[in-house]
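Reader: Could you walk me through how the strands and helices are put together here? I'd like the cut-offs along the way.

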Amino acid sequence: MEVLTPYGLRVRCLPEVDSTNERLAQLAAAGAPSGTLLAAERQTKGRGRRGRSWLSVPGASLTFSLLWRFERPTAQLTGLSLAVGVALVRALHALGATGLGLKWPNDVLYGEAKLAGILIELSGDLLGPVAAIIGIGLNIRACPWLKEQLTIRMADLETACARRLNRNAVLSTVARELVNAMDTYSRYGFTPYRQPWLAYHAWHDRTVSVFNPDGSQLTGRIVGIDAEGALLLDTGTGIRPVLSGDVSLRKG
């Protein structure tokens with residue numbers, strides 16, 4: 001069943017799906033309009049960045065994907081995941097959450113623990129138009145079983161809000177903020193989100209290691225992001241922009 005929201009989204013909810021990103025990509029290829037949102041109670045093959053699995057628990061989390069079509073070239077969408085992060089933090093603040101921060105390029109943190117993750121996949125022409133599939137996984141309430149399965153620290157939104165939450169209300173609040181963000185990004189690009197992202201950045205001025213897909217590693221102190229959303233590292237020999245990679249706090 002599809003529901004049209006007052007702010008223009010077409011929302012579809014499924015009890016189970018392999019991956020909301022994969023299923024929505026199929027719908028996009030078949031002509032689904034911009035603003036289609038697909039939510040699932042359970043994903044059997046949920047994915048995070050770089051092919052990692054994203055685990056979700058029915059009743060304790062939100063997993064959904066949003067299709068948005070941009071006329072902009074692909075090169076102008078490099079900051080999209082950061083803009084989505086800002087929108088997500090704004091929505092969660094509206095629900096009463098405190099202690100939130102952003103980790104480059106796609107995580108929302110509560111303290112030092114991961115609260116939500118973002119996975120964006122693009123398809124289309126290099127010069128546009130481009131279809132963006134924006135996948136979001138958000139932990140709503142604490143689940144001891146899930147924490148036992150993971151090697152990273154996980155947080156939940158009810159702890160951040162200090163109250164019980166209705167998942168439908170959470171989805172509605174987040175979706176509305178995402179629509180505002182996508183409209184703004186479509187018009188102005190990343191520029192309106194650079195300063196807000198820096199204000200929410202949890203690891204500014206901290207020393208990190210960046211692990212690249214080819215196995216190489218870069219270490220430096222985070223000094224900001226550039227106009228396109230690249231992470232800026234002071235390596236001691238100069239400022240290096242980082243466009244991709246896994247960022248971890250350096251120990252010691």
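Author: Sure, here is a short run through the sheets and what packs on them. Bear in mind that this is a predicted model, where local features need pLDDT of at least 70, side-chain atom pairs count only at pLDDT 80 or more, and totals for chains, interfaces and linings use all residues. Residues are numbered from 1 along each chain as its sequence is written, and side-chain values use heavy atoms, with hydrogens and water left out.

Reader: What is the order of the open sheet of eight strands?
Author: Strands here are DSSP runs of E, at least two residues, while helices are runs of H or I, at least four, and both are numbered from the N terminus. Two strands pair if DSSP finds at least two bridges between them. The pairing in this open sheet is mixed, and its order is E1-E2-E3-E4-E8-E7-E6-E5.

Reader: Which are its edge strands?
Author: Look for strands that pair on one side only. They are E1 (2–4) and E5 (100–103).

Reader: In E3, what is the bridge partner of Cys13?
Author: E2 (residues 10–17) and E3 (residues 36–43) run parallel, with seven bridges between them. In E3, Cys13 is matched with Ala39.

Reader: And which residue in E8 stands opposite Arg69?
Author: E4 and E8 are antiparallel and joined by ten bridges. Opposite Arg69, in E8, you'll find Ala131.

Reader: How many of the ten residues of E4 are buried?
Author: Buried means under 20% relative accessible area, exposed means over 50%, and partly exposed is in between (1.4 Å probe, protein chains only). By that cut-off E4 is mostly covered, and its buried count is nine.

Reader: What angle does helix H5 make with E4?
Author: Contact means heavy atoms within 4.5 Å, and H5 (residues 167–188) packs on the sheet by touching E3, E4 and E8. Axes are lines fitted to C-alpha atoms, for helices over the stretch in contact, with angles from 0 to 180 degrees between N-to-C directions. For H5 and E4 that comes to about 20°.

Reader: Why is one side of E12 and of E13 left without a neighbour in the sheet?
Author: These two belong to an antiparallel open sheet of five strands, ordered E12-E11-E10-E9-E13. E12 (239–242) and E13 (246–249) stand at its edges, so one side of each is left free because each has a single partner strand.

Reader: In E13, what is the bridge partner of Val210?
Author: E9 (residues 207–211) is joined to E13 by four bridges, antiparallel. Val210 has as its partner in E13 Val247.
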